[in-house]
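User: Hi! Could you walk me through the fold and packing of the model I am about to show you?

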Amino acid sequence: MTTANVDPAELAKFSSLAHRWWDLQGEFAPLHQINPLRLDWIDGISPLKGQGVLDVGCGGGILADAMARKGAEVLGIDLADKSLKVAQLHALEAETPGVRYRHVAAEALAEEAPASFDAVTCMEMLEHVPDPASIVGACATLVKPGGWVFFSTINRNPKSFLFAIVGAEYLLNLVPRGTHEYARLIRPSELAQFCRAAGLDLQHSSGLEYNPLTRRYRLSSDTGVNYMVAARKPPAT
Ligand code: SAH
């Protein structure tokens with residue numbers, strides 16, 4: 001049995017906003033805005049159609065639902081019940097085929113079903129858990145040999161403090177105040193280290209850059225604030 005790698009205050013924060021997951025103009029608007037970008041990036045590296053995909057920390061299912069609509073068979077997991085209910089309800093209303101949701105910790109699922117997904121995604125979640133390396137390890141265990149694992153999070157440096165916390169939470173009110181805690185943000189070098197320790201080969205990375213004037217995100221080589229990485233579990237020999 002694994003001990004819970006979860007911060008109850010973080011879950012409470014997301015639960016209290018759970019009814020807002022699918023409000024395109026609401027607190028989760030940035031996730032809706034980056035969704036097509038990350039979806040295409042993932043699909044370009046590991047084509048989703050027909051794949052079994054696990055989405056760790058799925059929230060209201062913004063990415064899980066979109067991956068299912070691309071033809072993947074998706075399981076979304078989270079530890080916030082309200083969010084899972086909202087995700088399920090959305091799938092019903094939108095008649096999204098091939099998406100399921102379950103309340104289970106990544107580490108527990110890794111013990112139950114190792115090497116059972118063609119790809120694993122874990123987006124905007126690592127910066128909300130006490131032990132992100134343990135989540136990375138669980139994702140590595142859950143993916144099949146040769147499969148891809150995708151992570152996204154926020155870098156930790158003066159620029160990301162300015163953009164992701166001061167700018168997004170205090171100046172532009174893009175997300176609620178207190179959404180991100182500076183000390184929990186993760187540098188690419190740290191995420192790379194977690195991947196290496198988990199036996200994953202980091203192969204691609206991309207920045208997600210926000211332009212406050214156009215109020216749009218785009219993929220960029222600048223990983224200074226929001227960024228994604230794609231890592232591969234070596235194929236079985
Ligand atoms: N991945 C989604 C949601 C990101 S918000 C997306 O990018 O659209 C972060 C999510 O992580 C929330 O849904 C929160 O409930 C979840 N979370 C936080 N701690 C968790 C944990 N220990 N295990 C699983 N999910 C967790």
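Analyst: Happy to! Accessible areas come from the Shrake-Rupley method with a 1.4 Å probe, and for residues only the protein chains shown count as cover. This is a predicted model, where local features need pLDDT of at least 70, side-chain atom pairs count only at pLDDT 80 or more, and totals for chains, interfaces and linings use all residues. Residues are numbered from 1 along each chain as its sequence is written, and side-chain values use heavy atoms, with hydrogens and water left out.

User: What share of the exposed area do carbon and sulfur atoms supply?

Analyst: The chain exposes about 10900 Å². Of that area, carbon and sulfur atoms supply 56%.

User: What percentage of the 237 residues is buried?

Analyst: Buried means under 20% relative accessible area, with exposed over 50% and partly exposed in between (1.4 Å probe, protein chains only). By that cut-off, the buried portion of the 237 residues is 51%.

User: Which residues touch the most other members of the largest nonpolar core?

Analyst: A nonpolar core is a set of buried Ala, Val, Leu, Ile, Met, Phe, Trp, Tyr and Cys residues joined through side-chain atoms within 4.5 Å. The largest one holds 38 residues. Its members that touch the most others are Leu48, Val53, Met67, Val74, Val99, Tyr101 and Phe150.

User: Which residues does Val99 touch, leaving out those up to four places away in sequence?

Analyst: Contact means heavy atoms within 4.5 Å. With those sequence neighbours set aside, Val99 touches Ala64, Ala68, Val74 and Ala91.

User: How far apart do the centres of the positive and negative side chains lie?

Analyst: Lys and Arg count as positive and Asp and Glu as negative, while His and the chain ends are not counted. Each charge is placed at NZ of Lys, CZ of Arg, CG of Asp or CD of Glu. There are 22 positive and 26 negative side chains, and the separation of their centres is 3 Å.
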